[in-house]
Amino acid sequence: MNFRYKHSLLTGLAIITLSACVTKKYERPQVTSEGLYRDNSTTDTTTMADLQWKTLFSDTTLQSLIQQGINENLDLKQAIERIKIAEATLIQSRGALLPSLQADVNVTDNKQSQASLNFPPGININLETQTYKAQLSTSWEADIWGKLTSAKRGAYATLLQSDAAKRAVQTQLIATIANNYYTLLALDKQLAITEQTIKVRTQDVETMRELKQGAVVNGAAVVQSEANLYAAQVTVPDLKRSIKEAENALSVLVAKAPNMINRTTLDQQTPYANLQTGVSAQLLKNRPDVIAAEFGFRSAFENTNVAKAYFYPALTITATGGLSSLQLQDFFSKSIFYNLVGGLTQPIFARGANKARLKTAEANQQIAFYNFQQTLLTGGQEVSNALYAYQTAAEKEETRAKQIASLTKAVDFTKELLRYSSATNYTDVLTSEQSLLTAQLSGINDRLQKLQSVVNLYRALGGGWK
């Protein structure tokens with residue numbers, strides 16, 4: 001091995017070693033990912049997040065609505081466009097590693113007068129020449145310290161972050177459509193029960209009037225029965241308004257003008273019961289917003305690498321070559337020129353720009369880390385909340401059914417007592433009827449809570465994008 005080759009090899013090894021000291025290789029930071037689900041110590045890694053959304057939702061009408069949302073939702077389309085922007089940025093960052101190449105063809109007229117040539121007085125000469133020139137120029141910055149490579153990696157992390165953000169929009173969209181759909185079905189059921197209650201109370205008013213004529217009750221009972229009827233009737237406009245608003249919200253989610261939404265009924269819905277959560281560490285690969293947060297941190301990490309590299313000299317090689325001639329007929333003969341320049345640029349004084357750039361990059365990296373941890377903790381919170389919401393809804397369902405059955409009997413008993421004996425008065429009937437309607441409406445909310453908690457758990461675990 002000759003001395004020159006050995007010297008070049010050692011120099012190259014030294015540069016590689018120094019480069020490794022300047023830029024660091026990315027490693028996932030230490031974040032809290034274990035034990036994020038409250039009162040849940042399972043070690044089973046089977047999770048409902050791996051389910052296809054069509055498996056979770058058996059209602060074909062809801063499936064059709066969700067598919068429309070995935071195809072047409074404008075928030076989702078915006079997320080896709082942001083991915084395209086990130087892709088363009090990545091292509092640009094890759095190009096920075098390659099030499100630039102420019103072509104230039106020009107003709108220059110030069111004209112010099114007597115004054116400029118300093119000829120003796122009395123001699124008037126104008127000298128005019130033309131220069132024909134065609135050249136190629138190239139410039140290349142050697143990525144000694146990994147600045148350009150880190151910039152490319154940062155752009156790639158941003159692209160992956162945009163893609164994960166798009167998946168997060170999709171999971172949220174599916175959950176929002178499903179929750180709004182179930183809300184709409186619950187409002188339909190509440191309206192149906194209220195309208196049925198109005199029919200019953202209308203009959204009650206007629207009954208009270210007949211009983212008054214028979215001197216079984218007094219005028220106060222008639223007025224109370226009318227007020228009870230009006231109390232039910234006055235809730236109908238608000239229920240119908242809420243139904244319209246729910247339909248309008250669903251229409252916008254599927255990028256349609258507000259209109260009626262085709263739907264089934266609440267009684268036809270069967271909540272998915274196999275609520276397997278897996279372990280909380282799986283949020284790192286299943287939940288899109290957690291994935292996006294980590295890629296955000298990775299992008300910030302690479303930006304810090306770039307900022308560090310600015311403190312070290314940049315090696316730039318430029319080359320120019322082409323043809324140049326004063327005579328067009330000589331353009332392709334004896335007119336070749338070229339030059340090659342290589343130089344190191346060492347930052348000495350940049351008004352604190354490099355320090356400020358590094359300080360900013362390090363702060364942004366720390367912010368990204370905190371966001372990563374916060375997103376992960378929020379994921380654990382949402383899973384815990386959804387699980388408990390499902391459990392409480394299931395507990396209430398059984399008790400609520402017993403309550404409604406008892407109140408139904410109470411209404412029947414008090415009406416019979418009022419009709420055939422003096423052992424009660426209409427206030428007892430009124431109280432039992434109001435309690436029954438409240439319990440029936442609350443039962444619908446219990447059912448809605450159970451359906452929506454399954455949806456929320458599915459989204460919280462990261463389901464809906466696979």
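Start by selecting residues 147-213, helix α6, together with residues 236-253, helix α8 (helices being DSSP runs of H or I with at least four residues, numbered from the N terminus): the two pack at an angle of about 160 degrees, with their axes 9 Å apart. Because angles over 145 degrees count as roughly antiparallel, α6 is roughly antiparallel to α8. The axes here are lines fitted to C-alpha atoms over the stretch in contact, and angles run from 0 to 180 degrees between N-to-C directions.

Keep in mind that this is a predicted model, in which local features need pLDDT of at least 70 and side-chain atom pairs count only at pLDDT 80 or more, while totals for chains, interfaces and linings use all residues. Residues are numbered from 1 along each chain as its sequence is written, and side-chain values use heavy atoms, with hydrogens and water left out.

Next, select residues 60-72, helix α3, whose 13 residues reach 18 Å from the first C-alpha to the last, close to the 18 Å expected at 1.5 Å a residue (that is, 1.5 Å times one less than the number of residues). Colour Leu62, Gln63, Leu65, Ile66, Gly69 and Ile70, which are the buried residues of α3 (buried means under 20% relative accessible area, with a 1.4 Å probe and protein chains only). They cover an arc of only 165 degrees around the axis, which puts them on the same side of α3; the arc is taken from the directions from the helix axis to the C-beta atoms.

Finally, move to Glu433 in helix α12, residues 426-461. Glu433 counts as buried because its relative accessibility is 6%.

Terms used: Buried < 20%, exposed > 50% of the residue type's maximum accessible area, 1.4 Å probe, protein only. Parallel < 35°, antiparallel > 145°, perpendicular 65-115°, else oblique.
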